[in-house]
Each structure stands twice: as C-alpha cells, then as structure tokens.
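Grab the model and work through these exercises with it open. Each one sets a task and then walks through a solution.

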Amino acid sequence: MSDASTTPHVLITGAAGALGRTVAQHFLDQGARLALVDHHAGRLAEVFPGLDNSQHLLLAGDVTSAPDMAALTGQVLQAFGRVDALVHIAGGFEMGEATHALTRASWDRMMNLNAWSFVAVTQAVLPSMIERRSGRIVAVTAKVAARGLPAMAAYIASKSALQRLVESMAAEAAPHGVNINSVAPSVLDTPANRQAMPDANPAEWVSTSVAAQTIGFLASPGAAALHGQHLTLDA
C-alpha cells in the first residue's frame, strides 16, 4: 500500500454485483483503499472474503435513503479522511408494462433505484469533494437512455433522468474542481444477463473488465477535462 497521501480512496456502491466486483478489483490492483457499499453486508463479506478490514470498509446501506447514505459517508470520511472517487453502480433493471399501462409502483421503483439514488449518494459525498476542490464521480447509466423502447419505459426514463442529473451536477461541480461523468453500457456480460437472455450472443456484449477500465479512466486525473459526459460502451 502506498503512502496515505497518494493512495486513492474510492467509494463504490453496488459493490457486490458483477460489475461492482470487477470495478473493486480494478481499484485494488491500483493500490486503492476501498469503501464497498451494498444493500446487505453479508453479501459483501461473501464476495470479498479476503479483504483486509484494517484497510478497507464493507458497509451495508440503502442507496435510495438519504439518511442511510449520510450516515454511511460519515463513517467513510471518519475512517479515510477523504473520498477521491465515487463510483455509483447500484441501480436496477426490469422489463415493464406498456407505457400506457405503467403502474406507479414500477415507475417509482425504477426512478428511486436509478435516478434518486444518485442524488442520495452524491449529496452525502460531493460537499466534501467541493470543500477539497478535488474529486471524481462516475455513474453507470445506459446506452438505451437515449431512446425509448417497448416495455422499458420506466427503466429508460429513469436512466435518462440519471444522465440529466449527471450533466446538471457536472456543470455545478466543475468550477469546484470535481468531475462528474458516466459510462453508458449496452448490455453487460454478467451471469444474470446470460441467464435472462440464454439465446443471445454474449460476444456482442460489453465485458465487465472493459467497463471497469473505462470507469477507472473517468475516476483518474486523465479525465480532468471531461464534465457531464456519457461514454457509450458497445461491443
């Protein structure tokens, strides 16, 4: 582990998922100190069994709850002193009803998981970055956020809302030395997607490794001139 002043301190939400694990490993390989967040602490312990708890944090929290995220971020800042990069992966996907038949429950579920969660997490983390005049925030949006498709109205609307939030927050934070961007994958090659789409060709999907490398770039000084961008990932 490098000196604390140069060690990247990274907070990752949705860390127990397929992309979250790969992103966490990417930053671990760079010698980063990680705060890994997921809905269930037990799941994090299963996924990261060998993680050094004296260096890294495994934290359970609801990303749609602003109080949860404020308390959790307080723990991270107390332990780490700062957060250099926030990678917000947590979210959700579901096929839904036809647009005219959307239920309020479907709408609220997607909006809470994919759009409001970004607000809840960043309102806890961003102020400390602004105070330090340094930081990177990377969200995971979606290629399909650009255009509506059948039976995906709530999901696409929520990812589109997330992109607009990223753009607005990026414009607000840029004068304070903070970069906010997103990656927008098509379909990620994950076990869940292979199970859900057994007839599809995973060779046409985006590997979690490539996505993690792109996220790593956006969280690095090399992305200092990028603000409110959505890097589309497509195989």
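**Exercise 1.** Find which residues lie nearest the centre of the largest pocket, and work out what lines it.

*Solution.* Keep in mind that you're looking at a predicted model. Start at the middle: F93, Y155, L188, T190 and N193 lie nearest the centre of the largest pocket. Now widen the view to the whole lining, which takes in 35 residues. Next, ask which helices take part: α1 (18-29), α4 (104-132), α5 (153-173) and α6 (191-196) each put at least two residues into that lining. Then sort the lining by chemistry, and you get 20 nonpolar residues, ten polar and five charged. To finish, the space inside this largest pocket is about 1100 Å³.

**Exercise 2.** Do the same for the second largest pocket: what is its volume, and how do its lining residues divide?

*Solution.* First the volume, which is about 290 Å³ for the second largest pocket. Step two is the lining: it counts 17 residues, and P8, D84, A219, S220 and P221 are the closest to the centre. Step three is the chemistry: six of the lining residues are nonpolar, eight are polar and three are charged.

**Exercise 3.** Count the cavities of 30 Å³ or more and say which residues line the largest one.

*Solution.* The count of cavities of 30 Å³ or more comes to one. The largest cavity has a volume of about 30 Å³. Walk around its wall and you'll meet E94, M95, G96, S106, M110, A151, M152, A153, A154 and Y155. Both α4 and α5 supply at least two of these lining residues, and α5 gives the most, with three. By chemistry, the wall of the largest cavity splits into seven nonpolar residues, two polar and one charged.

Y155 deserves a second look: this residue is among those nearest the centre of the largest pocket, and Y155 also lines the largest cavity.

**Exercise 4.** Take A151 from the cavity wall: is this residue buried, partly exposed or exposed?

*Solution.* Place it first: A151 sits in the loop between β5 and α5. Then check the number, a relative accessible area of 28%. Buried means under 20% and exposed means over 50%, so A151 is partly exposed. One more thing about the backbone: phi of A151 is positive, near 60°, in a residue that isn't glycine. R133 has a positive phi too, about 60°, and isn't a glycine either. You'll find R133 in the loop between α4 and β5 (135-140).

**Exercise 5.** Locate Q213 and find how far its C-alpha atom is from that of F27.

*Solution.* Q213 belongs to helix α7 (residues 208-218). With 47% relative accessibility, Q213 is partly exposed. Along the chain, Q213 and F27 are 186 residues apart, yet their C-alpha atoms are separated by 9.4 Å.

**Exercise 6.** Step back to the whole chain: why can you call it as compact as a globular protein of its length?

*Solution.* Begin with the parts list, seven helices and nine strands. Now compare two numbers: the radius of gyration is 17 Å, and the globule rule gives 18 Å for 235 residues; those are close, so the chain is as compact as a globular protein of that length. Its C-alpha atoms fill a box of roughly 55 × 40 × 30 Å along the principal axes. Next, contacts: among those with a separation of 6 or more, 66% join residues 24 or more positions apart. Finally, the surface: 47% of the 235 residues count as buried, while the chain exposes about 10700 Å², with carbon and sulfur atoms supplying 55% of that area.

Note on methods
Residues numbered from 1 in each chain as written. Predicted model: local features only at pLDDT ≥ 70, side-chain atom pairs only at ≥ 80, totals over all residues. Heavy atoms only, no water. 1 Å grid on protein atoms, 1.4 Å probe; cavity = no way out; pocket = protein on both sides within 12 Å on 5 of 7 lines; lining within 4 Å. Points joined across faces, edges and corners; volume = space filled by probe spheres on them. Helix = DSSP H or I, 4+ residues; strand = E, 2+ residues; numbered from the N terminus. Nonpolar A, V, L, I, M, F, W, Y, C, P; charged D, E, K, R; others polar. Rg over C-alpha atoms; globule rule 2.2 N^0.38 Å. Buried < 20%, exposed > 50% of the residue type's maximum accessible area, 1.4 Å probe, protein only. Contact = heavy atoms within 4.5 Å. Areas by Shrake-Rupley, 256 points an atom, 1.4 Å probe, with all protein chains shown as cover.
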